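The following exercises ask the student to read a protein fold step by step. Each task is followed by a worked solution.

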Amino acid sequence: MLLALTGELDAGTVLVVVGSVAAALAGTPEPRVIVVDLAGLHFLGAAGVRVLSAMTDQAAAQNARLRIVTGENAVVSRALRLTGVDRVLDVYPDRGAALSAGDGREFLRLTARMWNS
């Protein structure tokens, strides 16, 4: 699942993201990964950063991963870095990297194999 955002992500627009991620999580089949591409944003406010964090938690609660693409957008990268969420969110420089990272199942298989050895 890929969601590409443009414009501003702030208190006035966060409900669009909440609704889109919720709809994606309710889809059939349930997505394992939702990529949110922020490269097209020209503003990312504190409310936007908070909702990205909350949607990451919501996705995790449903066994999915939310991946954030910055597109090397300076506005987005700066907002994520200044708030510190770049250290806790699953952040990628471009769509290709986010999409090719897999869905985490291989990591879980390798971990299970290691513990069962």
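**Exercise 1: Two loop residues with positive phi**

Task. State where E72 is found, and determine whether E72 is exposed or buried.

Solution. Step 1: E72 is found in the loop between β3 and α3. The model examined here is a predicted one. Step 2: the phi angle of E72 is near 55 degrees, which is a positive value in a residue other than glycine. Step 3: a residue counts as exposed when its relative accessible area is over 50%. E72 has 65% relative accessibility and therefore counts as exposed.

Task. Carry out the corresponding analysis for N63: in which loop does N63 lie?

Solution. Step 1: N63 lies in the loop between α2 and β3. Its position is just after α2. Step 2: N63 has a phi near 60 degrees, again a positive value in a residue other than glycine. Step 3: the relative accessible area of N63 is 56%, so N63 is exposed.

**Exercise 2: A cis peptide bond**

Task. Identify the two residues that a cis peptide bond joins, and locate P29 in the fold.

Solution. Step 1: the cis peptide bond joins T28 and P29, with omega at about -5 degrees. Step 2: P29 has its place in the loop between α1 and β2.

**Exercise 3: Building the sheet**

Task. Determine the order of the four strands in the open sheet, and explain why one side of β1 and of β4 is left without a neighbour.

Solution. Step 1: strands of a sheet pair through backbone hydrogen bonds, and the pairing may be parallel or antiparallel. Step 2: β1 and β2 run parallel and are joined by seven bridges. Within this pair, A4 stands opposite D37 in β2, and E8 stands opposite F43 in β2. Step 3: five bridges pair β2 with β3, also in the parallel sense; here V35 stands opposite R67 in β3. Step 4: β3 and β4 run parallel, with three bridges between them. The bridge partner of I68 in β4 is V91. Step 5: the order of the open sheet is β1-β2-β3-β4, with parallel pairing. Step 6: β1 and β4 (residues 90-92) stand at the edges and each has a single partner strand, so one side of each lacks a neighbour in the sheet. Step 7: from one strand to the next, the twist averages 30 degrees.

**Exercise 4: Crossovers between parallel strands**

Task. State the handedness of the unit made by β2, α2 and β3, and describe how α1 lies relative to the strands.

Solution. Step 1: β2, α2 and β3 form a β-α-β unit that is right-handed. Step 2: α1 lies across β1, β2 and β3, and α1 runs at about 175 degrees to β1.

**Exercise 5: Helix α2 and its buried side**

Task. Compare the span of α2 with the expected value, list the buried residues of α2, and name the elements against which they pack.

Solution. Step 1: α2 covers residues 46-61, a total of 16 residues. From first C-alpha to last, α2 reaches 23 Å, close to the expected 22 Å. Step 2: in an α-helix there are 3.6 residues a turn, so residues three or four places apart point the same way. Step 3: the buried residues of α2 are A47, G48, V49, V51, L52, M55, T56 and A59. Step 4: these buried residues pack against β1, α1, β2, β3 and α3.

**Exercise 6: The nonpolar cores**

Task. How many residues has the largest nonpolar core, and which element gives the most to this core?

Solution. Step 1: the largest nonpolar core has 27 residues. V36, L38, L44, L52 and L80 have the most contacts inside this core. Step 2: β1, α1, β2, α2, β3 and α3 are the elements that give two or more residues to the core. Step 3: α2 gives the most, with six residues. Step 4: apart from this core lies another, of five residues, including V33, V35, V69 and Y92.

Task. Which residues are in contact with V36, leaving aside its neighbours within four places in sequence?

Solution. With those neighbours left aside, V36 is in contact with L3, L5, L52, L66, R67, I68 and V69.

Note on methods
Residues numbered from 1 in each chain as written. Predicted model: local features only at pLDDT ≥ 70, side-chain atom pairs only at ≥ 80, totals over all residues. Heavy atoms only, no water. Expected span 1.5 Å × (residues − 1). Buried < 20%, exposed > 50% of the residue type's maximum accessible area, 1.4 Å probe, protein only. Contact = heavy atoms within 4.5 Å. Pairing = 2+ DSSP bridges. Right-handed = clockwise from strand over helix to strand, strands pointing away. Core = buried A, V, L, I, M, F, W, Y, C linked by side-chain atoms within 4.5 Å. Axes fitted to C-alpha atoms, helices over the stretch in contact; angles between N-to-C directions.
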